Amino acid sequence: MKPFAKIRLIIIQILSIFFIGILVSINSFTSFAQHSTNDIRVVDETNSFYNFPWAGGMNSMQFGAIDMNLDGIKDMITFDREGNRKMCFINNGIPNIIDFSYHPEFAGLFPELYDWAIFADYNMDGKNDIFTYSPGYASMMVYQNISDETLKFKRVVYPYLTSYQGGGYVNIYVTYADYPGISDVDNDGDLDILTFWGLGSFVEMHQNMSMEKYGVPDSLDFEQVTYCWGHFAESDESNELYLDTCLISAHVNTPDRDDLRHTGSTFLLLDLDADDDKDLLLGDVDYPGLFALINGGSSEEAYITSVDTLFPSVSETIELFSMPAVAYIDVNNDAKNDLIVSPFDPGITSSEDKKSVLLYLNKGENNQPEFEFYTDDFLQSEMIDQGSGAYPVLFDLDDDGLLDLFIGNYGIYQYSYYESYFLRSVYRSRLTFYKNVGTSGNPVFQLTDNNFAGLWNQDLLGIFPAFADLNGDGKTDLLVGNEKGNLLFLRNDGEAFTLADENYFDIDVGEFSTPQLFDLDKDGKTDLLIGEKGGNINYYRNGGTNSNPDFVFVTDSLGKINVTDPMYSLFGYSTPWFFRNNQNETQLIVGSEQGQIFYYTNIDNNLEGKFTLSDDLHNLLDTNNVSFDRGLRTCASIADISQNGAFEMIAGNYSGGLEYFNGSADVSPGMNENLTTGNIVIYPNPATSSIIIASQELEIIRISIFNMSGHMLFQKNLVAANNQRYSVDVSQFKKGVYFVQCMTQKGIIHKKLIIR
């Protein structure tokens, strides 16, 4: 019996109907200069700096190739279905080299993606378009890439893509637990679609009729031409495949057996044996491997004749729980597509997390690849990634005046097993310590202890730390929340932290206790605040002293807060962080299951009332156009880390990574500033060595050039004698897209500059 398969199918179908997402298209350029990867550097366990520490972690990834900065080189868009997070990496395009840089500013130019996304060029204009799940419709919607001077997408199919089948056009059935195959299967020049039939073991082919009807590939006009592509079937009880079978007449459009069930699969179509037809890589729910199905037929009539159950046939074969999904794109700029593999399982506690992106480089050809294992943590190794969940807490542990960084997590994947036909996966939580080894104006976090306080040995889930001296001995002690909802007290003995109480004050908030020690009522004594799975905040007032606290329960609905969104989940997973602003006013941010980071004010002298939900977090952090929906199960801490009077925020998510937000980065010359009218020209553009900036009608006062992260690379104030024509040497700039900001006597004008 396939583990958990039928139950999971029921859950998938219910969720497909009732959990309807809200589609929001973002058409304006999002300025992420204040969400920078360069302001606080982070050192890993090898004493090397992460290239992009604040990228946010990776768990269940999908990959696509899209030219984001329009320099003619395909970049990499990555999508994590755990939180529907988009991460953008610019390909620096050096032949035979893997060389990517993280550019979060492009993420806002993509539409909202849900659960899965396939990046494919349906109209054959050289620009990859987007197919993604359509929430609530068990189908897909489509975005056309209409990029001209900037990256742009237009929704062309909503709410779902249809196919002519059974006498009319109905939706192409794809759940959020399926990853369909989209490729030119019949080699006629347009994209076709393969997907499992909703209640059966067979693969449907929806043929694109664009070329047949119109002679051009720019339409999405599909017809179901077979319910049994490849003449094979998958068992409804396991991942076993049956070849040379369709079980029923090929003249019947839909199978009529009611005992067939489908529970989720991933497809990738590619030519594995240079015979000019499409073979199929198939992943299956609850299983860790990929099957390679070899098409012994033709592009017009597929016929699967053999199956490689240990694909690829190299020493490091794919063993990746659960349900691996595959991308086939060129990673190292050698014109050969490589293989990237990551889990697709819709459950968030089923899969590998910390080493969840496998890369196999192609040493053969695109139509006859030979794969060689490269790494199991592609891109992940260059960022902070705690596995599943990341709960950042800022605290000066060594009292040196510099805030250190502690990160709890839900857990790190250990292994999987089957029990009574159910897939079980085992995780274990740990607390990680990054010591601030920088200075007050230049903080640097260095990984110092991957098992702080020895908590790995306690075999916990959901570790969440809080720090304070709780026994008056002058040493900082540790409280630990966890999945069970209680608190562990670890006493600081000077040399080590010792577990002194497994049920501190007999406090139990249910599940997933997330404590903070903070003087909420400003009486000079540290109080205890605890978030929980229910989404509310518990308040325990200190009725004793700081050296001998007596935490007395006051309320489990502090501020009348509950961050649960019933349209998304039955639970909120609140993670509170109280702090005081520069005016000594108490304020609060709260992470949540849905991913939104909530910001509350009106707290002082209102502890029995309702706190005010505010949308001014961007003002506090001095950020522009930044969404504070950061994925799944967020948690955040705010403090003046750089000690410059400005607040900074570090936010974690369920993908195990962190993001950093602050207002100290260079202001991006993005598309949201008021610009003057007038004509300024830049030539040559694209450029290679030098450019001329000129105007016939405006007096140019100052020229500034910024990269796409918003960092200023060049600035020059012009003298009166040379204020309408100026030459700039750009020979040292890397290939890519830049913004030229020209300040004139009438205002500011921005121009895009491309360096080849």
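## Close-up views of side-chain packing and pairing

**View 1. The surroundings of M649 in the nonpolar core.** Setting aside neighbours within four places in sequence, M649 makes contact with I589, I597, L617, L621, F628, A636, S637, I638, E659, Y660 and F661. The model shown here, and in every view that follows, is a predicted one. M649 belongs to the largest nonpolar core, which has 43 residues, and is one of the members that touch the most others; L478, I589, L617 and I638 share that distinction. Notice that I589, L617 and I638 also appear among the contacts of M649 itself. A separate, second core holds 42 residues, including A107, F110, I118 and Y179.

**View 2. The tilted ring pair of Y391 and F464.** Across the structure there are 45 aromatic pairs, and this view picks out one of them. How are the rings of Y391 and F464 placed relative to each other? Their centres are 5.5 Å apart and their planes meet at 35°, so the pair counts as tilted rather than stacked, a term kept for planes under 30 degrees apart. Y391 belongs to strand 26 (residues 391-395) and F464 to strand 32 (residues 464-468), so this pair links parts of the chain 73 residues apart. Y391 is buried, with a relative accessible area of 6%. F464 is buried as well, at 3%.

**View 3. The edge-to-face pair of F505 and F551.** Here the ring centres of F505 and F551 are 5.5 Å apart, and an angle of 70° between the planes makes the pair edge-to-face. F505 sits in the loop between strand 35 (497-501) and strand 36 (514-518), while F551 is in strand 39 (residues 551-555); the two are 46 residues apart. Are these two rings buried or exposed? F505 counts as partly exposed, with 33% relative accessibility, whereas F551 is buried, with a relative accessible area of 5%.

**View 4. An aromatic cluster, and charges placed over rings.** Seven side chains come into this view as one aromatic cluster: Y410, Y413, Y427, F512, F571, Y573 and Y654. One of them, Y573, has company from a charged residue: the charged end of R633 sits over the ring of Y573, 3.8 Å from its centre. Elsewhere in the structure, the charged end of R155 sits over the ring of Y158, at 4.1 Å from the ring centre.

**View 5. The disulfide between C228 and C246.** The structure has one disulfide, and it joins C228 to C246 with an S to S distance of 2.0 Å. Which hand does the disulfide have? The torsion about its S-S bond is about -95°, so the disulfide is left-handed. C228 lies in the loop between strand 15 (222-226) and strand 16 (232-234), and C246 in the loop between strand 17 (241-243) and strand 18 (265-270), with 18 residues separating the two in sequence. Both C228 and C246 are buried. Two further cysteines to look for are C88, which counts as buried at 0% relative accessibility, and C635, which counts as buried at 2%.

**View 6. The salt bridges K475–D473 and E511–K533.** The structure holds 20 salt bridges, two of which are shown here. K475 and D473 meet through their side chains at 3.4 Å, N to O. K475 is partly exposed, with a relative accessible area of 29%, and D473 is partly exposed too, at 34%. In the second bridge, the closest N and O atoms of E511 and K533 are 3.5 Å apart. E511 lies in the loop between strand 35 and strand 36, and K533 in the loop between strand 37 (527-531) and strand 38 (537-542), so the bridge ties together parts 22 residues apart in sequence. E511 counts as partly exposed at 36% relative accessibility, while K533 is buried, with a relative accessible area of 15%.

**View 7. The salt-bridge network around D521 and R541.** D521 forms a salt bridge with R541, with the closest N and O atoms 2.8 Å apart. D521 is in the loop between strand 36 and strand 37, R541 is in strand 38, and the two are 20 residues apart. D521 is partly exposed, with a relative accessible area of 23%; R541 likewise counts as partly exposed, at 34%. Which residues make up the network of salt bridges? D521, D523, K525 and R541 are linked in it.

Conventions: Residues are numbered from 1 along each chain as its sequence is written. This is a predicted model: local features need pLDDT of at least 70, side-chain atom pairs count only at pLDDT 80 or more; totals for chains, interfaces and linings use all residues. Side-chain values use heavy atoms; hydrogens and water are left out. A nonpolar core is a set of buried Ala, Val, Leu, Ile, Met, Phe, Trp, Tyr and Cys residues joined through side-chain atoms within 4.5 Å. Buried means under 20% relative accessible area, exposed over 50%, partly exposed in between (1.4 Å probe, protein chains only). Contact means heavy atoms within 4.5 Å. Rings of Phe, Tyr and Trp (its six-membered ring) pair if their centres lie within 6.5 Å; planes under 30 degrees apart count as stacked, over 60 as edge-to-face and the rest as tilted. Helices (H or I, at least four residues) and strands (E, at least two) are DSSP runs, numbered from the N terminus. A charge sits over a ring if NZ of Lys or CZ of Arg is within 6 Å of the ring centre and within 35 degrees of the ring normal. A disulfide is a pair of cysteine sulfur atoms within 2.5 Å. A salt bridge is a side-chain nitrogen of Lys or Arg within 4 Å of a carboxyl oxygen of Asp or Glu.
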